[in-house]
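Thanks for making time this morning. I would like to walk you through one structure, slowly, and I will keep to what can be read from the model itself.

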Amino acid sequence: MIGYETFSGLFLTALVLAFAPGPDNLFVLTQSVLHGRWAGLMATLGFCTGLIGHTLAVTLGVAALIRTSPLAFLLLKLCGAGYLLYLAWRFLRTTTIQGGRSVSEPPDAWRLYRRGILLNVTNPKVSLFFLAFLPQFADPQLGSVAWQMIIFGLIFILATLLVFGGLALLAAELSPWLMQRSQVQRWIHRLAALIFALLAIRLLWMPIGPLAF
């Protein structure tokens with residue numbers, strides 16, 4: 001049984017990391033501002049589903065393969081950077097405003113959910129972080145390490161759900177004020193496009209090994 005100190009230490013660390021600026025929480029914020037709370041919440045559910053994949057990858061050793069195989073790491077890195085650039089392009093496309101609302105139709109819930117999953121699973125930094133972070137809390141004397149990894153991953157997902165869900169609700173509250181100002185709305189799209197493009201460049205320059213963290 002996992003002790004209280006292990007649970008609280010992992011949970012608090014996960015909360016802090018969920019607040020750290022990155023493509024995931026930025027995507028949740030922009031979707032909530034532009035399309036409402038349900039858009040942000042569906043993106044959040046997609047990210048949490050992606051974290052399940054990272055948890056299983058660490059448990060099964062796939063993340064270790066990515067860490068030790070330059071080719072596998074390069075392919076995943078290219079996929080992640082490519083998708084970030086695609087999102088940047090999408091934001092640049094939707095800068096025209098009519099009547100205080102974006103011309104483009106808001107994506108449906110299922111599409112946002114899938115985008116959340118894809119954006120999360122194509123980020124190799126998450127798998128590498130899980131590989132370096134979660135095993136530190138494992139204790140072989142408590143039983144199966146694999147099951148402990150799964151439990152740790154679920155704790156991390158819970159923290160992410162709380163933080164991202166809170167960000168989605170908060171951003172949605174600001175949305176009516178922001179959406180009435182076309183100039184602000186344009187800058188939201190342009191700033192999001194710029195940040196996603198910079199994150200893609202940063203991901204492409206990320207090395208394998210300790211420096212990746």
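I will take the surface, the interior and then two particular places in the chain.

Before anything else, please keep in mind that this is a predicted model, and that every value I quote is computed from it.

Let me begin on the outside, where a nonpolar patch is formed by L71, L74, L75, L78, L191, L194, L198, I201, L204 and W205. Taken together, these residues present about 1,000 Å² of accessible area. If you look for the patch in the helices, you will find that α5, which covers residues 70-93, and α9, which covers 182-205, each supply at least two of its residues. The largest share comes from α9, which contributes six residues. As an example from the other helix, L78 is found in α5, and with a relative accessibility of 44% L78 counts as partly exposed, because that class lies between the 20% limit for buried and the 50% limit for exposed.

Now to the interior. How many cavities of 30 Å³ or more does the structure hold? There is one, and the largest cavity has a volume of about 40 Å³. Its lining is made up of P23, G80, L84, L119, T122, N123 and L203. By character, the residues of that lining divide into four nonpolar and three polar, with no charged residue among them.

Next, the charged contacts, where the structure holds one salt bridge. It is made by the side chains of R37 and E173, with a distance of 3.1 Å from N to O. R37 sits in helix α3, residues 37-60, while E173 sits in helix α8, residues 145-179, so the pair ties together parts that are 136 residues apart in sequence. As for their surroundings, R37 is partly exposed, at a relative accessible area of 37%, whereas E173 is exposed, at 53%.

The last place I want to point out is D139, which lies in the loop between α7, residues 124-133, and α8. Is D139 buried, partly exposed or exposed? With a relative accessible area of 28%, D139 is partly exposed. What you may wish to find on the screen is the pair D139 and T6, whose C-alpha atoms are separated by 10.0 Å although the two residues are 133 residues apart along the chain.

That brings me to the end, and I am happy to go back to any of these places.

Definitions and conventions. Residues numbered from 1 in each chain as written. Predicted model: local features only at pLDDT ≥ 70, side-chain atom pairs only at ≥ 80, totals over all residues. Heavy atoms only, no water. Patch = residues over 30% accessible without salt bridge, like charges linked within 9 Å, V, L, I, M, F, W, Y side chains within 5 Å. Areas by Shrake-Rupley, 256 points an atom, 1.4 Å probe, with all protein chains shown as cover. Salt bridge = Lys/Arg side-chain N within 4 Å of Asp/Glu carboxyl O. Helix = DSSP H or I, 4+ residues; strand = E, 2+ residues; numbered from the N terminus. Buried < 20%, exposed > 50% of the residue type's maximum accessible area, 1.4 Å probe, protein only. 1 Å grid on protein atoms, 1.4 Å probe; cavity = no way out; pocket = protein on both sides within 12 Å on 5 of 7 lines; lining within 4 Å. Points joined across faces, edges and corners; volume = space filled by probe spheres on them. Nonpolar A, V, L, I, M, F, W, Y, C, P; charged D, E, K, R; others polar.
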